[in-house]
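Subject: Structure handover

Hello,

Here is the structure I promised to pass on. Please open it first, then read my notes below.

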Amino acid sequence: MGSLAKLLRSFTRVEPQTLSFVIFAGCFLISMVLLVVSAGSLVSLPSLSSWLSAHTPPPVSGAQESPGPHHPHPDGANKNEEPRRKPLCDTSDRRADICDMEGDVRIRASSSSIFFVTSSDRNTWELQESWRIKPHPRKGDHAALSRLTEVSVGYLGAHEEDVPKCDVNSSVPAIIFATGGYMGNFFHETTDLAIPLYITSHGFDGEVQFLISDMLPWWIAKHELLLKKLSRYEIIDFNRDPLVRCHPRVIVGITFHRDMSIDPARSGGVTMFDFGQFIRSAYSLERDTAIALGEKPEKKPRLVIIARKRTRKFRNVDEIARMAEWQGFEPVVAEMKKNQSLAEFARTVNSCDAMMGVHGAGLTNLIFLPTNAVVIQVVPLGGLETYCWSDYGVPALEMKMRYLQYSISVMESSLVDRYGITDPAITNPQAILAQKDGWRNWTSIYFFNQDVRLDVSRFSSVLMHARQLLHR
């Protein structure tokens, strides 16, 4: 009796769930033994561990169970289908939609269509995916893109009847992009096209062909040296091409990072400094490095003064040139003439050790300066300091140049003559932005109707600082 009482007490300490499991397992094993005996055959019984593994409860909520051999794939596709590829097009960037296809790619420019040909009996969900984009990096800017051609990109089954046959079967990749937008402004020509095209194509080392939509012949002529440095192949006028072209890889659109800037984290380590070296190579510019006055104290560094002819021009450029000479510079007053080649103007800029100018597209020519050159940006009235720093200060530093920023005083602006010194346009530019049509009025006043008369005595300290930087 004592031993029986101990046994009963031990059972009372067992959790009810455990006890139920033991009883259930015991009954199962007894049933299996009886079944074997009654069948008159000897079979191997499953181990308890294998039985438990076959009857484990489903995973807790949040875990994912692999579909069984007869279960549908979670995406609705058959398990035997090839894995789903990443989408052909990435439309997540705020400035540029990019499609990148590698395989059997066919371009039918006559219908502005690009097809990625895939097996028609696989990945059927892909055949219904398509994109319509404008291959220019000013996405969302209606004024810039309104007249540009929209391109369609999608899949096409290999066995479909409407697969276009190749008229030209190329072995090199292709990049499709559009000109247009704000071309004619050198800042936009550089930040919207030249730099993005460099980011997208430099890795091909010339083994890539450009198909240009909405092509501007004058733009092609102006940037011929840059285009030839990036591609060894004939440029195709996309809108006038009657042929079906097949390429092993096609990129539609060009990659944009920031205005006048390259993000090394997104470009595989390529920087604006690399872009500067590329530009000097493309235009066969002789000088890679600015003068070092510590080594040549008798030399006069050359200072190019960007003399704008229309808005935001210097009203006393001759006086500025005399002050620069007095400070030990050789002044070069320059602005690109209407019929002057970009290569010729690039050589003029590259021959200089420093550049100065009022905020505007002319300062974009800093891309031709040698390394260690000094860039001086004159900031007009209007609270433009942040814009100026972003547009030209950051790029200058990224290209390993030195940068100085000079904000004019109220009396150095021509707006004083127009509005008077107490007008809100002079005393509170932000109030202009707060008005109805504020942005339009603000740009009209400070960008398009303002000139600068530098106080050369005040500005002389900046020139002195620039010369000191060239000693280092």
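How many helices and strands does the protein chain have? There are 16 helices and 15 strands. Please keep in mind that this is a predicted model.

**Confidence**

The pLDDT averages 85 over the protein chain. A score of at least 70 is reached by 80% of the residues. Two stretches need care. Residues 1–23 have a pLDDT below 50, and beyond near neighbours in sequence this stretch has four contacts in the model. Residues 32–77 are also below 50, with 15 such contacts. Where pLDDT is low, the predicted coordinates should not be read in detail.

**The chain as a whole**

The protein chain has 472 residues, and 47% of them are buried. Its accessible surface is about 25000 Å². Carbon and sulfur atoms account for 53% of that surface. Now take the contacts between residues at least 6 apart in sequence: 74% of them join residues at least 24 apart.

**Cores**

The largest nonpolar core holds 102 residues. Phe 314, Met 356, Phe 368 and Leu 454 have the most contacts inside it. Helix α5, residues 186–201, gives the most to this core: eight residues. Another core lies apart from it, with 21 residues. Met 101, Ile 133, Val 151 and Ala 174 are among them.

What does Leu 454 touch, leaving aside its neighbours within four places in sequence? Its contacts include Phe 314 and Met 356, both also listed above for the largest core. Val 378, Tyr 406, Ile 408 and Phe 459 are other contacts of Leu 454, and so are Asn 316, Ile 320 and Glu 412.

**The five-stranded sheet**

One open sheet has five strands in the order β12-β11-β13-β14-β15, and the pairing is parallel. Which strands stand at the edges? They are β12 (330–334) and β15 (402–407). Each has a single partner strand, so one side of each is left without a neighbour in the sheet. On average, neighbouring strands here are turned by 20° against each other, direction ignored.

Inside the sheet, β11 (residues 302–306) and β13 (residues 354–358) pair over three bridges. Ile 305 has Met 356 of β13 as its bridge partner. Met 356 is also one of the core residues named earlier.

Two helices to look at here are α9 and α16. Helix α9, residues 317–326, lies across β11, β12 and β13. It runs at about 155° to β12. Helix α16, residues 456–469, lies across β11, β13, β14 (374–379) and β15. Its angle to β15 is about 175°.

**Strand β3 and its partners**

Is strand β3 (residues 113–118) enclosed or open? Six of its six residues are buried, so β3 is largely enclosed by the rest of the structure. In a regular strand the side chains alternate between the two faces of the sheet. In β3, Ser 113, Phe 115 and Val 117 point one way. Ile 114, Phe 116 and Thr 118 point the other way.

β3 runs antiparallel to β2 (residues 98–108), and five bridges join them. Arg 108 stands opposite Ser 113. The two strands form a hairpin with four residues between them. In the turn, Ser 112 has a positive phi of about 50°.

β3 also pairs with β5 (residues 151–157), this time in the parallel sense and over six bridges. There the bridge partner of Ser 113 is Ser 152.

**Strand β8**

Strand β8, residues 209–213, is mostly covered, with five of its five residues buried. Gln 209, Leu 211 and Ser 213 lie on one side, and Phe 210 and Ile 212 on the other. β7 (residues 174–178) runs parallel to β8, joined by five bridges. Ile 175 is the bridge partner of Phe 210.

**A loop residue: Lys 299**

Where is Lys 299? It sits in the loop between α8 (272–282) and β11. Its relative accessibility is 42%, so Lys 299 counts as partly exposed. Leaving aside neighbours within four places in sequence, Lys 299 is in contact with Ile 291, Leu 293 and Arg 467. Lys 299 and Gly 328 are 29 residues apart in sequence, with 8.9 Å between their C-alpha atoms.

Best wishes

Terms used:
Residues numbered from 1 in each chain as written. Heavy atoms only, no water. Core = buried A, V, L, I, M, F, W, Y, C linked by side-chain atoms within 4.5 Å. Buried < 20%, exposed > 50% of the residue type's maximum accessible area, 1.4 Å probe, protein only. Contact = heavy atoms within 4.5 Å. Areas by Shrake-Rupley, 256 points an atom, 1.4 Å probe, with all protein chains shown as cover. Pairing = 2+ DSSP bridges. Axes fitted to C-alpha atoms, helices over the stretch in contact; angles between N-to-C directions. pLDDT = per-residue confidence, 0-100.
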